[in-house]
Amino acid sequence: MLIREEYRVTQKRLAGLNPITWGQQECECGFSVDVPRPYWLLHYVVSGSGTFETGGAKYSVSPSQIFVVHPHRAHRYTADEKNPWHYIWIAFESDIELPHLLDCDVFSAPAAGRIFSDIMTVSKLESGKEEFLAAKLWELISLFLQMQNGTSHRPNPYVSAAKEYISQNFVSDIKISDIAKELNLDRTYFSAIFKKETGISPQQFLIVYRLERAAEMLVNGDGSVASAAYAAGYSDIVNFSRMFKKHFGTSPSRYRESILARESSLFTN
């Protein structure tokens, strides 16, 4: 028998890590989701398999793996046609620096299984649900930090510096040659190491970063498409709208409407 359980927190807000919703689902064959989210969403696969698509990459995901939906990032996840997955998820907002392990779209974390199982017991609590979930989120963060510190892979310092430069200057008319110059690297060499580390070119990363910040501004700003475009470094509204629709599959205004409608339903259903 297929199951779906979904639970939602109240409007209470906690500092640091703020849980939004959590649940589990045994999916039907081919079941697919591509709804945009304004928050982080972690899925732990208990059994079965499926695929996760984001950032131009497509991953096969199996038990004991986590796939990560970033805020305002286009994505699609689909259950296998023959062996559909059962996953547990938790969604949250964060105002802290998260482990760089979450920069990965998919990673194996067998030790996280117990924590996700604990998350599903919170519905039995009569009080303190938000605090319990926040504690489990901090436990996951602690585990991820241990995992990344225990791995032989370390982020390329040039790539980390480039991402930081983009985050600080994306509103300006920066070019990839500007970033390479800032790092004292040849542009071709810089582009090669960036793509090897991230799977996409620095130009693609810059475009996606700007569009995701624009999507965030659409929801959290004044709602104006023009304001969101300018805040993300676009001066041409028509070009911005075209690129936004290509990336998210919908226009900026409809994206905002869909996000706000979903957020409203979290506390009215």
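**Stop 1: the four-strand sheet**

Start by selecting strands 3, 8, 5 and 6 in this predicted model. Together these four strands make an open sheet, and reading across it the order is 3-8-5-6, with antiparallel pairing. Strand 3 and strand 6 (57–61) sit at the edges with a single partner strand each, so one side of each has no neighbour in the sheet. If you wonder what holds such strands side by side, strands of a sheet pair through backbone hydrogen bonds, either parallel or antiparallel.

**Stop 2: strand 8**

Now pick out residues 75–79, which are strand 8. Is this strand enclosed or open to the outside? Four of its five residues are buried, so strand 8 is largely enclosed by the rest of the structure.

Look at its partners next. Strand 3 (residues 32–33) pairs with strand 8 in the antiparallel sense, over two bridges. Show Val33 and you'll find Tyr77 of strand 8 standing opposite. Strand 5 (residues 50–54) also pairs with strand 8 in the antiparallel sense, this time over five bridges. Two pairs of residues to click on here: Gly50 has Ala79 of strand 8 as its bridge partner, and Thr51 has Thr78 of strand 8.

**Stop 3: strand 5 and its hairpin**

Stay with strand 5 and turn on its side chains. Which residues make up its covered face? They are Gly50, Phe52 and Thr54, while Thr51 and Glu53 form the uncovered face. There is a general pattern to keep in mind as you look: in a regular strand the side chains alternate between the two faces of the sheet.

Follow the chain onward and you reach strand 6. Strands 5 and 6 pair in the antiparallel sense over five bridges, and Phe52 stands opposite Tyr59 in strand 6. The two strands form a hairpin with two residues between them. Click on Gly55 in that turn: this glycine has a positive phi of about 60 degrees.

**Stop 4: the second largest pocket**

Keep Gly55 selected, since Gly55 is one of the residues lining the second largest pocket. This pocket has a volume of about 310 Å³. To see the lining, add Gly56, Ala74, Ile200, Gln204, Ile207, Val208, Leu211, Arg242, Met243, Lys246 and His247. Which elements give two or more residues to the lining? Those are helix 6 and helix 8 (237–248). Colour the lining by class and you get six nonpolar, four polar and two charged residues.

**Stop 5: helix 6**

Select residues 202–220 to bring up helix 6, which has 19 residues. From its first C-alpha to its last, helix 6 reaches 27 Å, close to the 27 Å expected at 1.5 Å a residue. Its buried residues are Pro202, Phe205, Leu206, Tyr209, Arg210, Leu211, Glu212, Arg213, Ala214, Ala215, Leu218 and Val219. Leu211 is worth a second click: Leu211 is buried in helix 6 and is also part of the pocket lining.

**Stop 6: the six-strand sheet**

Switch to the open sheet of six strands, whose order is 1-2-9-4-7-10 with antiparallel pairing. Here strand 1 (4–8) and strand 10 (106–108) are at the edges, each with a single partner strand, so one side of each is left without a neighbour in the sheet. Going from one strand to the next, the twist averages 20 degrees.

Zoom in on strand 4 (residues 40–47) and strand 7 (residues 65–69), which pair in the antiparallel sense over four bridges. Leu41 has Val69 of strand 7 as its bridge partner.

**Stop 7: two buried residues**

Still in strand 7, select Val68. Is Val68 buried or exposed? Val68 is buried, with a relative accessible area of 1%. Draw a distance from its C-alpha to that of Tyr234: the two are 166 residues apart in sequence and 28 Å apart in space.

For the last pick, go to strand 2 (residues 17–26) and find Ile20. Ile20 is buried as well, with a relative accessible area of 2%. Draw one more C-alpha distance, from Ile20 to Lys163: it comes to 27 Å, for residues 143 apart along the chain.

Terms used:
Residues are numbered from 1 along each chain as its sequence is written. This is a predicted model: local features need pLDDT of at least 70, side-chain atom pairs count only at pLDDT 80 or more; totals for chains, interfaces and linings use all residues. Side-chain values use heavy atoms; hydrogens and water are left out. The expected span of a helix is 1.5 Å times one less than its number of residues. Buried means under 20% relative accessible area, exposed over 50%, partly exposed in between (1.4 Å probe, protein chains only). Two strands pair if DSSP finds at least two bridges between them. On a 1 Å grid over the protein atoms alone, a cavity is a set of points where a 1.4 Å probe fits but cannot get out, and a pocket is an open set with protein on both sides within 12 Å along at least five of seven lines; lining residues have an atom within 4 Å of a point. Grid points are joined across faces, edges and corners, and a volume is the space filled by probe spheres set on the points. Ala, Val, Leu, Ile, Met, Phe, Trp, Tyr, Cys and Pro count as nonpolar, Asp, Glu, Lys and Arg as charged, and the others, Gly among them, as polar. Axes are lines fitted to C-alpha atoms, for helices over the stretch in contact, and angles run from 0 to 180 degrees between N-to-C directions.
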